[in-house]
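Let's take a walk through this model together, going from a loop to a helix pair and on to a few single residues. Have the sequence and the coordinates open as you read.

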Amino acid sequence: MGFLDGSALTLLLVIGVHCFLVPYTKVEESFNVQAIHDILVLKTDIDKFDHMDFPGVVPRSFLGAAIIAAVSSPFHLLQHTFFPKAAMLTVVRLMLGSICWLAMCRVQQALRKQYGSTCAKAFMIGTAMQFHLPFYMSRTLPNTFALAVLGLAIADWIEAKHPRRLVSLLAFATV
């Protein structure tokens, strides 16, 4: 539980505040929001997915959307009983923000091992104090999905461990 210090919790709080203060999406997020919706609602009925009729001009991966849909699915089951359908967008964004936060906690852990707790806390406080990174950590953009993977790769790089995993994570984030 060493990663649950005040600086890490501050970043998580800032991510959550951004989710609630700016609840709606930008047009760039529409592909992944629709993909997450289709995966949660239509499940395996792929022929009915929105992107079968409107694929867009650029081929895109459903992998990030599938992962977020998977971790959000327990809340989708409860959605019919406990909260309105529109609230699922906030749930999905909170799940993505939490995954990105966990990746930053992994970076913080690597910094703590390599450079000490002051550096690790400064990293988290610095991340929480800027606007863009905490705001975008819960945005369903391809770069945000890559950020979570990149955080794990950065931690491996800082620790100078697992070079093959580092290369694999970087390659995965690129795709």
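In which loop does Ala-160 lie? In this predicted model, Ala-160 sits in the loop between helix 8 (142-159) and helix 9 (163-174). Take a look at its backbone: Ala-160 has a positive phi of about 55°, although it is not a glycine. Its surroundings are easy to describe, too, since Ala-160 is exposed, with a relative accessible area of 69%.

Ala-160 has company in this respect. His-162 also belongs to the loop between helix 8 and helix 9, and its phi is near 50°, again a positive value in a residue other than glycine. As for accessibility, His-162 comes out at 40%. Because exposed requires over 50% and buried under 20%, His-162 counts as partly exposed.

From this loop, step back into helix 8 and look across to helix 5 (residues 87-115). A packed pair of helices is described by the angle between the axes and the distance between them. Here the angle is about 10° and the axes are 8 Å apart. Angles under 35 degrees count as roughly parallel, so helix 5 and helix 8 are roughly parallel to each other.

What does each helix bring to this contact? Helix 5 contributes residues including Leu-96, Ile-99, Ala-103, Met-104 and Val-107, and further along Lys-113, Gln-114 and Tyr-115. Among the residues they meet in helix 8 are Phe-145, Leu-147, Leu-152, Ile-154, Asp-156 and Glu-159. Taken together, the residues of this contact divide into 16 nonpolar, three polar and four charged.

Cys-100 of helix 5 is also part of that contact, which brings us to the cysteines. How many disulfides does the structure hold? The count is zero. A disulfide is a covalent bond between the sulfur atoms of two cysteines. Two other cysteines to find in your viewer are Cys-19, buried at 0% relative accessibility, and Cys-105, buried with a relative accessible area of 4%.

Our last stop is Ser-73, found in helix 4 (residues 63-82). Is Ser-73 buried, exposed or partly exposed? With a relative accessible area of 29%, Ser-73 is partly exposed. A polar atom of its side chain lies 2.8 Å from the backbone oxygen of Ala-70. Ser-73 can also be placed relative to Val-92: the two are 19 residues apart in sequence and 9.1 Å apart in space, C-alpha to C-alpha.

Conventions: Residues numbered from 1 in each chain as written. Predicted model: local features only at pLDDT ≥ 70, side-chain atom pairs only at ≥ 80, totals over all residues. Heavy atoms only, no water. Helix = DSSP H or I, 4+ residues; strand = E, 2+ residues; numbered from the N terminus. Buried < 20%, exposed > 50% of the residue type's maximum accessible area, 1.4 Å probe, protein only. Disulfide = S-S within 2.5 Å. Axes fitted to C-alpha atoms, helices over the stretch in contact; angles between N-to-C directions. Parallel < 35°, antiparallel > 145°, perpendicular 65-115°, else oblique. Contact = heavy atoms within 4.5 Å. Nonpolar A, V, L, I, M, F, W, Y, C, P; charged D, E, K, R; others polar. Polar contact = N/O pair within 3.5 Å; in protein donor to acceptor, adjacent residues only side chain to side chain.
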